Amino acid sequence: MSISKEKTALFFRLSISVTVFSALFKFMPVILIILGAAGMVTFLSIQVYQKEQRVPLDYTRLLLIISFSANYAFDLFALPYVNVLTLITKLALIAFLILYIKKIILSFQDITQNTGLLLGNFDRENLSFILADLATVYIVMASLFKILNWELGMLNGNLLLVIGLFSALISILASSKELSK
């Protein structure tokens, strides 16, 4: 018996939602956080296994989810080696962001190569896709920063979340057909 790719993706997204909401709102039961984290690891592993062609971005995403789940579980139960897992999670996040931004840049180059000019035919839809990708990067980083209580000087989860939500808003506005009329 096999599970379809659509169901795997749906359960993975549901697991992410349960984990993030449970971690952000401290009044949720701990079992929800554990179930969400286990679901994220399980369903992302199934997704990676089901892919016919795997790229390094898939592996770094899996490493990020596994290290994040382990780090949060160890921190939640006050187990030893939390600092090591935090370092691994940070390195996995950096690797994921580098590969994801590389993917965004390559897709932008494909768009500009197809048009012939640098920004000649760069329309609202293409801008919307790029801004949506950047919003995704910021929101993922903000979630990790908020859940794991990370700060880098001025850079904290709240600032990243605001930037990500504004990028998403601009992406939605750029793709809106009604505003262009």
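**Exercise 1. Tyr81 and Ala78**

Work out where Tyr81 is found, what sign its phi has, and whether Tyr81 is buried or exposed.

*Solution.*
- Step 1: Tyr81 sits in the loop between helix 3 and helix 4 (helices are DSSP runs of H or I with at least four residues, strands are E runs of at least two, both numbered from the N terminus). The model is a prediction, in which local features need pLDDT of at least 70 and side-chain atom pairs pLDDT 80 or more, while totals for chains, interfaces and linings use all residues. Residue numbers start from 1 along each chain as its sequence is written, and side-chain values use heavy atoms, without hydrogens or water.
- Step 2: the phi of Tyr81 is positive, about 70 degrees, although Tyr81 is not a glycine. For background, most residues other than glycine have a negative phi.
- Step 3: Tyr81 counts as exposed because its relative accessibility is 62% (exposed is over 50%, buried under 20%, partly exposed in between, with a 1.4 Å probe and protein chains only).

Now do the same for Ala78: in which loop does it lie, and what is its phi?

*Solution.*
- Step 1: Ala78 also belongs to the loop between helix 3 and helix 4.
- Step 2: its phi is near 55 degrees, again a positive value in a residue other than glycine.
- Step 3: with a relative accessible area of 68%, Ala78 is exposed.

**Exercise 2. The chain as a whole**

Give the number of helices and strands in the chain, their order along the sequence, and the parts where confidence is lowest and highest.

*Solution.*
- Step 1: the chain has seven helices and two strands.
- Step 2: along the sequence they run α-α-α-α-α-β-β-α-α, so you can check this pattern against the DSSP runs.
- Step 3: the mean pLDDT (the predictor's confidence in each residue, from 0 to 100) of the chain is 81, with 86% of the residues at 70 or more.
- Step 4: helix 3 (residues 56-76) has the highest confidence, at 90, and helix 7 (residues 177-180) the lowest, at a mean of 51.
- Step 5: 33% of the 181 residues count as buried.
- Step 6: among contacts (heavy atoms within 4.5 Å) with a separation of 6 or more, 62% join residues 24 or more positions apart.

**Exercise 3. Two alanines in helix 5**

Compare Ala142 and Ala132: is Ala142 buried or exposed, and why does Ala132 fall in its accessibility class?

*Solution.*
- Step 1: Ala142 is in helix 5 (residues 124-147), and Ala132 lies in helix 5 too.
- Step 2: Ala142 is buried because its relative accessibility is 0%. Ala132 is partly exposed because its value is 29%.
- Step 3: leaving out residues up to four places away in sequence, Ala142 touches Gly157, Leu160 and Leu161. Ala142 and Leu161 are 19 residues apart along the chain, with their C-alpha atoms separated by 5.1 Å.
- Step 4: for Ala132, the C-alpha atom is 8.1 Å from that of Ile172, which is 40 residues away in sequence.

**Exercise 4. Pockets and the cavity**

Find the volume of the largest pocket, the helix that gives the most to its lining, and the volume of the second largest pocket.

*Solution.*
- Step 1: the largest pocket holds about 960 Å³ of space. On a 1 Å grid over the protein atoms alone, a pocket is an open set of points with protein on both sides within 12 Å along at least five of seven lines, a cavity is a set where a 1.4 Å probe fits but cannot get out, and lining residues have an atom within 4 Å of a point. Points are joined across faces, edges and corners, and the volume is the space filled by probe spheres set on them.
- Step 2: 27 residues line the largest pocket, and Phe12, Ile16, Arg61, Ile65 and Val140 are the closest to its centre.
- Step 3: helix 1 (5-24), helix 2 (30-50), helix 3, helix 4 (82-115) and helix 5 each give two or more residues to this lining, and helix 1 gives the most, with seven.
- Step 4: the second largest pocket has about 170 Å³. Its lining includes Lys90, Met141, Phe145 and Trp150, and helix 4 contributes the largest share, four residues.

Finally, how many cavities of 30 Å³ or more does the whole structure have, and which residues line the largest cavity?

*Solution.*
- Step 1: the search finds one such cavity, and the largest cavity holds about 50 Å³.
- Step 2: Thr19, Ile33, Ile34, Ala37, Phe68, Ser69, Tyr72 and Ala73 line the largest cavity.
- Step 3: helix 2 and helix 3 each supply at least two of these residues; helix 3 gives the most, four.
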